[in-house]
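Trainee: May we go through this structure together? I should like to start with one residue and work outwards.

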Amino acid sequence: MTISVMIVDDHPIWRDGVARDLSEHDFDVKATASDGDSAIRIACAVRPDVVLMDINLGSTSGVDATREITNELPDTRVLVLSASGEHDDVLQAVKAGASGYLVKSASVAELVDAVRRTAEGDPVFTAGLAGMVLGEYRRMADLPNVGDPPPRLTERETEVLRLVAKGLTAKQIADRLVISHRTVENHVQSTLRKLQLHNRVELARYAIEHGLDQES
């Protein structure tokens, strides 16, 4: 199936260039937006598979827009595409619901691969940023945590969750467990529903907080 995309950036030349690059690689660029408010409104109207989101957008930031879009459209994934690779920007975007974070120095090939993987549900980060995010989650996991007991997961769901926390893609998990890619996706979606989470990044955080990434 063709992946539908929306591009949000306040620089028209950059925005149009990304739209052209993705269109040339058979993506369906449904819409573009120049600010956070219009991004939220247009995304809710066109319901793209992936939103490419800049961070610095004016009064309504890309982080705020990401939070609104992921809340309103749980089937739409947000991939941040920003000039900033700052620690705080990355963490704020992920906490707002972004599935990944790519810096604008990425090549067209890297961007195309990142959008495809994001549409498939994989967390995608520029090299070095994924480790930073997981490191922050590990730090938070060391803090006292009081709450309701976690929902019961099946043995296979737990196994898939453990591999998600280790950073494996759905394809790698399928190969490791000798099951189909679709079966992996079914387990991931079931686990997301049970844990009331939105994406694989949040799944990884949950697994780390519960020590699953440390198990063999």
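Trainee: Where is Thr169 found?

Mentor: This is a predicted model. In it, Thr169 sits in the loop between α7 (155-165) and α8 (170-177).

Trainee: Is Thr169 buried or exposed?

Mentor: Thr169 is buried, because its relative accessible area is 18% and buried means under 20%.

Trainee: And which residues does Thr169 touch, leaving out those up to four places away in sequence?

Mentor: Thr169 touches Arg117 and Asp122.

Trainee: Let us turn to the interior. How many residues has the largest nonpolar core?

Mentor: The largest nonpolar core has 20 residues. Those with the most contacts inside it are Val160, Leu161, Ile173, Leu177, Val184, Val188 and Leu203.

Trainee: Which elements give two or more residues to this core?

Mentor: They are α7, α8, α9 and α10 (200-209). The largest share, 5 residues, comes from α7.

Trainee: What does Leu177 touch, again not counting residues up to four places away in sequence?

Mentor: Leu177 touches Arg156, Glu159, Val160 and Leu163. There is also a second, separate core of 17 residues, which includes Val18, Leu102, Val112 and Ala114.

Trainee: New topic, then. How many salt bridges does a search of the whole structure find?

Mentor: The search finds 8 salt bridges. One of these contacts joins the side chains of Lys104 and Asp54, at 3.6 Å from N to O. Lys104 lies in the loop between β5 (100-103) and α5 (108-120), and Asp54 in the loop between β3 and α3 (62-72), so the pair ties together parts that are 50 residues apart in sequence.

Trainee: Are Lys104 and Asp54 buried or exposed?

Mentor: Lys104 and Asp54 are both buried.

Trainee: What about Glu157; with which residue does Glu157 form a salt bridge?

Mentor: Glu157 pairs with Lys194, and their closest N and O atoms are 2.9 Å apart. This pair links distant parts of the chain, with Glu157 in helix α7 and Lys194 in helix α9, 37 residues apart. Glu157 counts as buried, at 4% relative accessibility, whereas Lys194 is partly exposed, with a relative accessible area of 32%.

Trainee: And how far apart are the closest N and O atoms of Asp175 and Lys171?

Mentor: They are 3.2 Å apart, and the two residues form a salt bridge. Asp175 and Lys171 are separated by about one helical turn, because they are 4 residues apart in helix α8. Both residues are exposed. Elsewhere, salt bridges that share partners join Asp9, Asp54 and Lys104 into one network.

Trainee: Now for empty space. How many cavities of 30 Å³ or more are there?

Mentor: The structure holds 2 of them. The largest cavity has a volume of about 60 Å³, and the residues lining it include Thr70, Arg77 and His198. The second largest cavity has about 40 Å³ of space.

Trainee: Which residues line the second largest cavity?

Mentor: Among them are Asp9, Trp14, Val18 and Asp54. By class, this lining has 7 nonpolar, no polar and 2 charged residues. β1 (4-8), α1 (12-24) and β3 (50-53) each supply at least two residues of the lining.

Trainee: Finally, how much space lies in the largest pocket?

Mentor: About 500 Å³ lies in the largest pocket. It is lined by 18 residues, and the closest to its centre are Pro74, Asp75, Arg77, Ala119 and Gln189. Helix α9 (residues 181-195) gives the most to the lining, with 4 residues.

Technical notes
Residues numbered from 1 in each chain as written. Predicted model: local features only at pLDDT ≥ 70, side-chain atom pairs only at ≥ 80, totals over all residues. Heavy atoms only, no water. 1 Å grid on protein atoms, 1.4 Å probe; cavity = no way out; pocket = protein on both sides within 12 Å on 5 of 7 lines; lining within 4 Å. Points joined across faces, edges and corners; volume = space filled by probe spheres on them. Nonpolar A, V, L, I, M, F, W, Y, C, P; charged D, E, K, R; others polar. Buried < 20%, exposed > 50% of the residue type's maximum accessible area, 1.4 Å probe, protein only. Contact = heavy atoms within 4.5 Å. Core = buried A, V, L, I, M, F, W, Y, C linked by side-chain atoms within 4.5 Å. Salt bridge = Lys/Arg side-chain N within 4 Å of Asp/Glu carboxyl O.
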